[in-house]
Amino acid sequence: MGVYQKADERNGRERSYARTRKGSKGAGKFDDREGPTPQGKAGPGATASRKAIDMTLGPHWDQIEEVRRRTRAFLKNQGLSKELIDAVTMVSSELVENGMKYGCFEDPENGLTFNLNIVEKNVIVEVTHPTSPSAAPHLRRLDKTIQWIRGFQDPFQAYLEKLKEVARRPITDSESGLGLVRIAYEGKSIIDFFVAEDNALNVSAVAGIEKGLWR
Amino acid sequence: MGETRTFTNNSLEIKVTENEDSIKLTWSGKSIDREPGKFISPILLDIIKRSTDAGKRVILDFCRLAYMNSSTITPIIKVLERAKKGKNKITVMYEKSLRWQEVNFSALRIFETTDQRVEIKGMAR
């Protein structure tokens with residue numbers, strides 16, 4: 001465990017899903033896996049099934065569209081609702097965008113890893129990327145933002161507050177700062193992160209399939 | 001039908017149609033650039049200036065937009081904030097049957113003014 005622990009662990013909660021790591025790294029490696037499903041779909045009848053997309057990307061913005069395309073196709077194949085597919089595709093896209101913006105890709109062997117799993121009626125999106133020694137300010141901001149979002153009972157209120165804050169900034173300021181709060185609000189997801197011993201940053205978003213409007 | 005100009009950047013197209021009393025920006029495709037504001041902001045600022053000079057309402061029609069990243073929202077809300085504090089008339093139109101549009105654009109009602117100078121409208125297909 002690096003300097004930063006999982007925010008959820010600090011809150012006394014535990015993740016309820018299992019995680020695996022693929023050892024290989026390098027740009028452009030894709031692996032869509034599918035485990036058995038009791039009813040053939042990942043909807044309300046799904047239990048402990050595990051279905052996954054694993055992609056390792058280089059820091060190339062154009063590849064985000066491929067993430068979106070594969071995510072959409074994969075979730076559609078699982079029989080999930082259009083609303084959930086749109087939301088998870090957005091979540092995937094925003095997390096990968098952040099990873100490409102803030103990751104350190106000086107070593108061509110170190111790419112950005114995108115994982116999408118469906119476990120125990122949860123859709124779990126994870127993005128992992130190497131960080132540079134100067135990433136501490138970004139990590140502090142990430143931690144602060146996640147804690148700030150969790151301080152709101154309703155993520156919608158957090159989203160509105162962020163809209164107001166960003167809208168007041170100078171027109172020339174291109175920093176958005178809306179991505180994480182959009183994931184919490186529109187994506188109905190719980191966001192978490194940790195820094196591994198190799199200084200790779202892992203950011204995850206977990207959405208329940210049966211919650212709210214999902215089915 | 002007034003003058004029409006079309007601006008394209010990668011997957012995003014903004015069609016600007018100017019009539020006697022309004023300037024309409026019809027957004028279509030996807031806005032997925034790393035810094036979409038570089039393309040969007042100059043267009044919006046130019047339109048806002050022209051609408052102010054001519055006393056026309058600006059209509060931002062997002063109904064045909066398929067997707068936008070969060071960085072796209074930034075220049076839009078900055079323009080709405082400035083319109084709210086100023087004198088511009090802006091209407092945001094979105095497709096309310098699309099959940100992602102309803103969720104994103106209905107939140108922009110925080111920029112609405114009571115005199116409907118700035119208004120957010122969910123449209124039914």
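Two strands count as paired when DSSP finds at least two bridges between them. With that in hand, we can start looking around this predicted model.

**View 1. Strands E4 and E5 of chain B run side by side.** Strand E4 (residues 57-68) of chain B pairs with strand E5 (residues 89-95) of chain B in the parallel sense, and five bridges join them. To find your place in this pair, look for Leu60(B), which stands opposite Val92(B) in E5(B).

**View 2. Six strands of chain B form an open sheet.** Step back from the pair and follow the sheet across in the order E1-E2-E3-E4-E5-E6 of chain B; its pairing is mixed. Why is one side of strand E1 (3-9) and of strand E6 (118-123) of chain B left without a neighbour in the sheet? These two strands stand at the edges and each has a single partner strand, so there is no neighbour on the other side. Going from one strand to the next, the twist averages 15°.

**View 3. Chain B meets chain A.** Here 20 residues of chain B are in contact with 23 residues of chain A. On chain B, helix H1 (37-54), helix H2 (70-85) and helix H3 (99-106) each supply at least two residues of the side that touches chain A. Which helix gives the largest share of that side? It is H2(B), with eight residues. Sorted by kind, the residues on the side of chain B that touches chain A are eight nonpolar, seven polar and five charged.

**View 4. Chain A mixes helices and strands.** Chain A has six helices and six strands. Reading from the N terminus on, you meet its elements as α-β-β-α-α-β-β-α-α-α-β-β. Of the 215 residues of this chain, 40% count as buried. Among the contacts in chain A with a separation of 6 or more, 69% are between residues 24 or more positions apart.

**View 5. Helix H2 of chain A has a buried face.** This helix covers residues 63-77 of chain A. At 1.5 Å a residue, its 15 residues should span 21 Å, and the end C-alpha atoms are indeed 21 Å apart, so the two values agree. Which residues of H2(A) are buried? They are Ile64(A), Val67(A), Thr71(A), Phe74(A) and Leu75(A). Looking down the axis of H2(A), you would find these buried residues within an arc of 95°, so they line one face of the helix. Just after H2(A) comes Gly79(A), with a positive phi of about 80°.

**View 6. Helix H4 of chain A has a buried side and an exposed side.** Helix H4 (residues 136-150) of chain A has 15 residues and reaches 21 Å from its first C-alpha to its last, close to the 21 Å expected at 1.5 Å a residue. Leu142(A), Ile146(A) and Ile149(A) are the ones to spot in H4(A), as they are buried. They cover an arc of only 65° around the axis, which puts them on the same side of H4(A). On the other side of H4(A), Ala136(A), Pro137(A), Arg140(A), Lys144(A) and Gln147(A) are exposed.

**View 7. Glu161 of chain A sits in helix H5.** Glu161(A) lies in helix H5 (residues 155-167) of chain A. Why does Glu161(A) count as partly exposed? It has 15 other C-beta atoms within 10 Å, whereas a buried residue needs 20 or more and an exposed one has 12 or fewer. Val181(A) is 20 residues away from Glu161(A) in sequence, and their C-alpha atoms are 9.8 Å apart in space.

Technical notes:
Residues are numbered from 1 along each chain as its sequence is written. Chains are lettered from A and ligands numbered from 1 in the order in which they are written. This is a predicted model: local features need pLDDT of at least 70, side-chain atom pairs count only at pLDDT 80 or more; totals for chains, interfaces and linings use all residues. Two residues are in contact if their C-beta atoms, placed from the backbone, lie within 7 Å. Helices (H or I, at least four residues) and strands (E, at least two) are DSSP runs, numbered from the N terminus. Ala, Val, Leu, Ile, Met, Phe, Trp, Tyr, Cys and Pro count as nonpolar, Asp, Glu, Lys and Arg as charged, and the others, Gly among them, as polar. Axes are lines fitted to C-alpha atoms, for helices over the stretch in contact, and angles run from 0 to 180 degrees between N-to-C directions. The expected span of a helix is 1.5 Å times one less than its number of residues. The arc is that of the directions from the helix axis to the C-beta atoms.
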